[in-house]
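Here are a few short exercises on helix packing and a pocket. Grab a pencil, keep the viewer open and try each task before reading its solution.

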Amino acid sequence: MSNVASDDYGPVAKTLHWVTVLFVIIAWTLGTFGEKLPKGSAQESGLLTHIWIGLIILVISVVRIPWRIANPPPKLVATEFGKWLVEWTDPASRVMHYVLYGLLVAVPAFGIAVQFAQGHPLPLFGLGEIPSPWPADKAFAHSIKEIHEFLANLLVILAVFHMTAALVHHIVFHDGTLKRMLPHLRK
């Protein structure tokens, strides 16, 4: 199950990556523009979907982080730019991945804290809910929501930077970095 013998990411890593990307896009979009939905049931459904997708992202991250530890990514592919490129980009890439994984946990955690600080229970996919352990505190909820939104925006900005780096590797360095994570494009 390890990727050590391959220069490609495995199907589990690829699936977890792309499902996370999809859910982050949906959750961020609903979180950013959900208040523009018509008031009432549309807004409530948008918020509920935002919360559920945030919980799914948290669960995927809890699976994804140990998976990544147990199945390290494949070694970087050598390029014409040689050793200096790998020496510079490998540490930067590692730091970026750690920050992204941290944000994938922190953003939903702060979202849960917002829900609780507002005095609302945490809905669990229609199966039940976790009651708020705190009394409602509007000022505290506002502060936590600001942090949640800042971290969510930071996650999206860094994800775009991550995507741009993959495109630079593909277009400029021609090293196959992008193809290693895309399904069915590897020869």
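**Exercise 1.** Work out which helix gives the most to the lining of the second largest pocket, then describe that pocket's volume and lining.

*Solution.* Keep in mind that this is a predicted model.
- Start with the top contributor: H2 gives the most to the lining of the second largest pocket, namely nine residues.
- Next, the volume: the second largest pocket comes to about 830 Å³.
- Now look towards its centre. The lining has 35 residues, and the closest to the centre are Gly31, Leu47, His50, Lys145 and His148.
- Which elements give two or more residues to this lining? They are H1, helix H2 (41–70), helix H3 (83–117) and H4.
- Finally, sort the lining by class: 19 residues are nonpolar, twelve are polar and four are charged.

**Exercise 2.** Decide how H1 is oriented against H2, and list who touches whom.

*Solution.*
- Take the geometry: H1 and H2 pack at about 155 degrees, and their axes lie 9 Å apart.
- Angles over 145 degrees count as roughly antiparallel, so H1 is roughly antiparallel to H2.
- As for handedness, H1 and H2 make a left-handed crossing.
- On the H1 side, the contact residues include Val12, Leu16, Thr20, Phe23, Ala27 and Gly31. H2 answers with residues including Gly46, His50, Ile53, Ile57, Arg64 and Trp67.
- By class, the contact of H1 with H2 holds 15 nonpolar residues, six polar and one charged.

**Exercise 3.** Do the same for H1 and H4: is the packing parallel, antiparallel, perpendicular or oblique?

*Solution.*
- Helix H1 (residues 11–33) and helix H4 (residues 138–173) meet at an angle of about 135 degrees, with axes 11 Å apart.
- That angle makes H1 oblique to H4.
- The crossing of H1 past H4 is left-handed.
- From H1, the residues in contact are His17, Val24 and Trp28, and from H4 they are Ala152, Asn153, Leu155, Val156 and His162.
- Class by class, that contact of H1 with H4 has five nonpolar residues, three polar and no charged ones.

Definitions and conventions:
Residues numbered from 1 in each chain as written. Predicted model: local features only at pLDDT ≥ 70, side-chain atom pairs only at ≥ 80, totals over all residues. Heavy atoms only, no water. Axes fitted to C-alpha atoms, helices over the stretch in contact; angles between N-to-C directions. Helix = DSSP H or I, 4+ residues; strand = E, 2+ residues; numbered from the N terminus. Parallel < 35°, antiparallel > 145°, perpendicular 65-115°, else oblique. Left-handed = near helix turned anticlockwise from the far one by under 90°. Contact = heavy atoms within 4.5 Å. Nonpolar A, V, L, I, M, F, W, Y, C, P; charged D, E, K, R; others polar. 1 Å grid on protein atoms, 1.4 Å probe; cavity = no way out; pocket = protein on both sides within 12 Å on 5 of 7 lines; lining within 4 Å. Points joined across faces, edges and corners; volume = space filled by probe spheres on them.
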